[in-house]
Amino acid sequence: MLLTISTTHEPATDLGYLLHKHPDRVQEFDQSFGRAVVFYPEASEQRCTAALVLQVDPARLARSRGRRSPDFSLAQHVNDRSYAASSLLAVALADVFGTARSGRCRSRQELADAAIPLRIEVPVLPCRGGPDLARRVFAPLGWRVEAEPVPLDERFPEWGDSRYVRLTLSGEVRLADALNQLHVLLPVLDESKHYWQGTDEIDKLLRSGGDWLAGHPERELITRRYLGRGGGLASVALARLAELGGDLAEDPAEDSPEPVRAPLRAQRREAVVALLSGLGATSVLDLGCGTGELLAALLARPEFARVTGVDVSARTLQAAERRIGLDRMGERQASRLTLFQGALTYRDERFAGYDAAVLMEVVEHVDPPRLEAVERVVFGEARPGAVVVTTPNREYNVRYPGLAGSPNGLRHPDHRFEWTRAEFAHWCARVGAQWGYTVEARGIGEPDDQVGAPTQLGVFRRD
Ligand code: SAH
């Protein structure tokens, strides 16, 4: 199995930094099913190509799998795995280029963040659905796609085509995005994922695809093929994607061009930023900041002089640090931001003294008996000038048909509850009255006549 990645972005040998593999060396990586080798068939200033070759050992492949594996059978020994690109290549790619896939590159971060001219070639790719399917999945991601069927036998054209294509992708794409797309889409085209799938597969899919899959016109096909038929995983993933992609999932009126709307997550973030700006806040405390999307958006605007993110999870805070690029920031910029670990259910003096606090998609993660503690800590003790709360509108869930397959019927497995509009209005009124805040509730996202907007927003102002 062979895959090559080339760039003409000069100096092209910087590809070695981005991939974290030196162009002068041949490097080998042991895999449970064989051996991956990375080398550079060409490495000049003008053009550099990295090749990933996977040598599959069928006997090891068979041993590395459990009986629960979907294709546990003799087919493991008698198959095309040794030479066709496939899910194994996707696994090796993720393993060998793990850091590149995360988009991190200490010495060339700007390049790692930039879209650069890339050309990716996979000479033999199993593709159920033929060249047309390869085009349908890669073209919406901005690739020029050349997909040619590989004949069954060149000497006997009358035998027709095999189920393999020769795939060439070219375009201006961020390298980390390209690697994540290949990681998800190679097994999708092959439609034979080789390893056992647990529920964490959904998280893996969303980690690799979170940025581009929600708005992909073939997201349903991609998700169903990636997660397989069993276990209802695909419906749960589609529901979570709908949440990420928001209104993009809706059917546009016939004949009208598809409306280009931002995903719900982005609409939410922008609505909150605009609101904070309208309130005249210059210091903002983001409680349950997650991976820091809102923090990054606030830092991009100089009016927010002091921005603080708090989360209970240290891992999440590290991800936020990476997203914001704290290590790449100048000192002045970095001095505007503070990140610390903290729990919203306990009094914390560090929460005091802000113009505004935000609880964006956080309250629904709190166990109902603990919610009162959060209310006291935020409204009673920290007492910022304003509090902005967003949370899902449960009534809107009927517009996400995939949710029927989700274990708790909610938008995320970690949600402890989701409120109807009436329940949210009631909560807002009670908390406002109890702690001396005037409150106003509204929706974010395209409202539906019957069930309202997908996200609810409450703005509390200290009396
Ligand atoms: N506000 C972010 C993340 C929402 S996910 C966004 O909108 O993208 C909810 C976040 O709240 C998670 O990162 C979780 O770790 C955090 N969280 C949940 N309970 C918390 C608690 N009791 N104290 C602090 N953070 C909490």
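In this predicted model, a backbone N or O atom of Met360 lies 2.8 Å from a nitrogen atom of the ligand. Gly288 makes a comparable kind of approach through its main chain, with a backbone N or O atom placed 2.7 Å from a ligand nitrogen. At Val312, a polar backbone atom is 3.3 Å from a nitrogen atom of the ligand. Considered on its own, the ligand would expose 570 Å², and the protein buries 79% of that area.

The surroundings of the ligand extend beyond these three positions. The shell consists of 13 residues, and the closest are Gly288, Asp311, Val312, Leu344 and Met360. By residue class, this shell divides into six nonpolar, five polar and two charged residues.

From the ligand site, the description turns to the nonpolar interior. The largest nonpolar core comprises 64 residues, of which Phe138, Trp143 and Leu167 touch the most other members. Helix α7, spanning residues 175–190, supplies the largest share of this core, namely nine residues. A second core, separate from that one, contains 28 residues, including Leu287, Val310, Leu344 and Val363. Leu344 thus appears in two parts of this account: it is a member of the second core, and it is listed among the residues closest to the ligand.

Trp143 illustrates how a residue of the largest core is surrounded. With residues up to four places away in sequence set aside, Trp143 touches Leu118, Ile120, Phe138, Leu169, Ser170, Gly171, Val173, Ala178 and Gln181. Among these partners is Phe138, which, like Trp143, is one of the residues touching the most other members of the core.

A further position to examine is Asp14, in the loop between strand β1 (2–7) and helix α1 (15–19). Is Asp14 buried or exposed? Asp14 is classed as buried because its relative accessible area is 11%, and a residue counts as buried under 20%. Apart from its neighbours within four places in sequence, Asp14 is in contact with Arg108 and Leu111.

These local features belong to a protein chain of 463 residues, 51% of which are buried. Its secondary structure comes to 16 helices and 14 strands. Of the contacts between residues at least 6 apart in sequence, 71% join residues at least 24 apart. The chain exposes about 21400 Å², and carbon and sulfur atoms supply 49% of that surface.

Definitions and conventions:
Residues numbered from 1 in each chain as written. Predicted model: local features only at pLDDT ≥ 70, side-chain atom pairs only at ≥ 80, totals over all residues. Heavy atoms only, no water. Near = heavy atom within 4 Å. Polar contact = N/O pair within 3.5 Å; in protein donor to acceptor, adjacent residues only side chain to side chain. Areas by Shrake-Rupley, 256 points an atom, 1.4 Å probe, with all protein chains shown as cover. Nonpolar A, V, L, I, M, F, W, Y, C, P; charged D, E, K, R; others polar. Core = buried A, V, L, I, M, F, W, Y, C linked by side-chain atoms within 4.5 Å. Buried < 20%, exposed > 50% of the residue type's maximum accessible area, 1.4 Å probe, protein only. Helix = DSSP H or I, 4+ residues; strand = E, 2+ residues; numbered from the N terminus. Contact = heavy atoms within 4.5 Å.
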